[in-house]
Structure formats: structure tokens, C-alpha cells
Amino acid sequence: MILVVDVGNTRIKAAVFEGATLFEIFVFSKMELQKNIENILEKFQNVTDLVISSVGDVEKQSFLDFKKVLKVHFISHEDSFPFHNCYATPKTLGIDRMVLASGATIQFPKQNRLVIDAGTCITYDFIDEKDNYLGGAIAPGLRLRYEALHNYTAKLPLLSFQSPEDFIGNSTSESIHSGVVNGFVYEIDGFIDEYKARYPNFIIILTGGDTDFLAKRLKNTIFANSNFLLESLNQTFQYKIKND
Ligand SMILES: Nc1ncnc2c1ncn2[C@@H]1O[C@H](COP(=O)(O)OP(=O)(O)OP(=O)(O)O)[C@@H](O)[C@H]1O
Ligand SMILES: CC(C)(CO)[C@@H](O)C(=O)NCCC(=O)O
Ligand SMILES: [K+]
């Protein structure tokens, strides 16, 4: 069994796999990292490998402490990946984006793929049918937009996500919800339309913390899977051990 851990900028997500089978998912904060991993290992005593993809600011040492009991692997730019990286600055490409691109390449062979990860940031990643990773886009995620409005103005309150009544907001809160939520959805649909103008066929995979909310609202057909990064991490690791 392997334990995969995705360290994002907001939360940590972990999952236990045996082959392709996902047993359980865990979500926790950085503060509770070690305690949670200990609990997972207590529950799943057959875990032999810990596989980490991190874009967050968690100390490597927090994971290295587990070296006494299992093998610890940090997915890094030096690993083998199933795509050709055409990014002009491959070393600065986020490991989470590389893992998503691997998952898309492995799960959806021989086709153009667009991966949209709506997390702390929203990222777009495009891998063409010849398995060239081309790049994409990075923008603030949904929650970050609410926070930015509040943090960088004097008068705007910090609101929690709420579906806007209409695109014409008739109060401060409705204006904020419309700007953030409708703006987010229009932006994503707009990006997808740009990709469509360049590539007649591609599949769209949607993942990240805002998957369920977005899946209902986008006009395009998508594969919505909030566990796609965890599944891709498992597949990236299987690919790495076969190819290293
Ligand atoms: N319990 C929660 N805590 C924080 N964000 C949540 C929660 N539930 C849903 N969300 C939504 O998920 C988004 C954050 O996504 P996610 O948790 O995937 O981010 P993350 O942990 O930083 O991961 P990544 O760095 O991979 O984006 C926010 O925009 C927020 O609207
Ligand atoms: C964009 C984020 C923050 C998304 O999690 C992460 O992939 C990252 O830190 N990327 C580095 C920059 C890049 O991907 O080009
Ligand atoms: K993200």
C-alpha cells in the first residue's frame, strides 16, 4: 500500500492506495501534518511507501521523520514523467501541475487534454495528443478573490462563498458575489472557448477544492473529479518506479 500526500497552499490532502484502488482520503491542515500521518499509518499498517507532492511551505523534515518506518519519496522535477515538457522554464513549473499533467497523459491517452485545477489558485494545463505539455495559466482561486477584495480595500467585507442572485448585484455583498463567482465562471468558460478556437478536440478534466461548485455552472462538458490530483500522484509514482 502507498500513502500519497498532496501539500497545497491551503490544505493537505492524503490518500491510501493499493494498486489503482483508493481506500480512503484525508484532508487536514499543515499544523496537524505529523499527527495525521501517524494516525493513517496506524490505521493502514501495510503502507510501505510515502509519496509527496508539495507546492506548500511544509518542512521536508516533517516527512523525513517517517523514514524509520517506510520509504519516503518526494516527487521532483528530476523524476521521469510521461510527457515532454515544453515549458520555457521547466524548473519553475509547479510539481502539482506536473503531477496533473502525468495523470491526464496516463488516464486519457492519445488525445488533447486540458486540466483545470480550481484550488487556492486556479491553474490550466494543456497536454496535446502527442504528449507535449504546453503550459497554461495561473490565476487567483475563488476563495483568494474574496480575500483579495477584503485585504486590499478599506470598505469591502470578507464574505464566504455564496451563489449570486443575478449578475447585476444590487448590494455590496451581491456585487461582490457576482464579481467573484460570476467572474470566475465567465473566465473559465472564456478560457475554454480560446482553447476550442485553437484545438477542435480536447477533453477537460476539472479538479481542486472548487470542483463541485464549478461542475454545475460551466457551460462546457467536463470530467469533474476532485480526487484527480491524488489519483495522478499514485499514477506518477507507479510510472516513476517503472521508468527510473
Ligand atoms: N474546507 C475548505 N477549506 C478551504 N477551502 C475550501 C474548503 N472547501 C472548499 N474549499 C474551496 O477550495 C479552494 C481551495 O482549494 P484546495 O483545497 O484544493 O486548495 P489547496 O489545498 O491550496 O490545494 P492546491 O494548492 O492544490 O490548490 C478554495 O477556493 C475554496 O473555495
Ligand atoms: C500555481 C501553483 C501555486 C498552483 O498550486 C503551483 O503550481 C506553483 O507554485 N507553481 C509554480 C509556478 C508555475 O507553475 O509556473
Ligand atoms: K491549484
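**Close-up views of a predicted model**

D96 touches D6, S53, V55 and L229, leaving out residues up to four places away in sequence. The model is predicted, and the legends below take its regions one at a time.

**Figure 1. The annotated active-site residue D96 and its contacts.** An unreviewed UniProt entry places the feature "active site" at D96. D96 sits in helix 3, which covers residues 95-107. D96 counts as buried because it has 26 C-beta neighbours inside 10 Å, and 20 or more are needed for that class. One of the contacts of D96, D6, is also among the residues that the unreviewed UniProt entry lists under "binding site".

**Figure 2. The residues annotated as "binding site".** The annotation, from an unreviewed UniProt entry, covers D6, V7, G8, N9, T10, R11, I12, K13 and T120. These positions are spread over 115 residues of sequence, yet they cluster in space, with a largest C-alpha distance of 13.2 Å. Two of them, R11 and T120, are shown in the next two views.

**Figure 3. R11 in the loop between strand 1 and strand 2.** Strand 1 covers residues 2-7 and strand 2 covers residues 12-18, and R11 lies in the loop between them. Is R11 buried or partly exposed? R11 counts as partly exposed, because 15 C-beta neighbours lie inside 10 Å. Apart from residues up to four places away in sequence, R11 touches V27 and S29.

**Figure 4. T120 in the loop between strand 7 and strand 8.** The loop that holds T120 runs between strand 7 (113-118) and strand 8 (121-127). T120 has 20 C-beta neighbours inside 10 Å and therefore counts as buried; the class begins at 20, so T120 is at the cut-off. Setting aside residues up to four places away in sequence, T120 touches G8, N9, T10, G141 and L144. Of these contacts, G8, N9 and T10 also carry the "binding site" annotation in the unreviewed UniProt entry.

**Figure 5. The shell around ligand 1.** The shell has 16 residues, of which G8, G119, T120, R143 and G209 come nearest to ligand 1. By class, the shell divides into 4 nonpolar, 8 polar and 4 charged residues. Domain 1 (2-74) and domain 2 (84-233) each supply at least three residues to the shell. G8 and T120, both among the nearest residues, are included in the "binding site" annotation of the unreviewed UniProt entry.

**Figure 6. N227 in the loop before helix 7.** N227 is placed in the loop between strand 11 (223-224) and helix 7 (228-243). With 16 C-beta neighbours inside 10 Å, N227 counts as partly exposed. N227 is in contact with L22 and I25, not counting neighbours within four places in sequence. From C-alpha to C-alpha, N227 and T10 are 16 Å apart in space, and 217 residues separate them in sequence.

**Figure 7. The whole protein, for orientation.** The protein contains 7 helices and 11 strands. Its C-alpha atoms fill a box of roughly 60 × 40 × 30 Å along the principal axes. The radius of gyration is 19 Å, which agrees with the value near 18 Å for a compact globule of 244 residues. Buried residues make up 32% of the 244 residues. Of the contacts between residues at least 6 apart in sequence, 52% join residues at least 24 apart.

Terms used
Residues are numbered from 1 along each chain as its sequence is written. Chains are lettered from A and ligands numbered from 1 in the order in which they are written. This is a predicted model: local features need pLDDT of at least 70, side-chain atom pairs count only at pLDDT 80 or more; totals for chains, interfaces and linings use all residues. UniProt positions are given in the numbering used here, feature names are shortened, and annotations may be inferred rather than shown by experiment. Helices (H or I, at least four residues) and strands (E, at least two) are DSSP runs, numbered from the N terminus. A residue is buried if 20 or more other C-beta atoms lie within 10 Å of its own, exposed if 12 or fewer, and partly exposed in between; C-beta atoms are placed from the backbone. Two residues are in contact if their C-beta atoms, placed from the backbone, lie within 7 Å. A residue is near a molecule or strand if its C-beta atom, placed from the backbone, lies within 6 Å of it. Ala, Val, Leu, Ile, Met, Phe, Trp, Tyr, Cys and Pro count as nonpolar, Asp, Glu, Lys and Arg as charged, and the others, Gly among them, as polar. Domain bounds come from an automatic or database domain assignment. The radius of gyration is taken over C-alpha atoms; the globule rule is 2.2 Å times the number of residues to the power 0.38.
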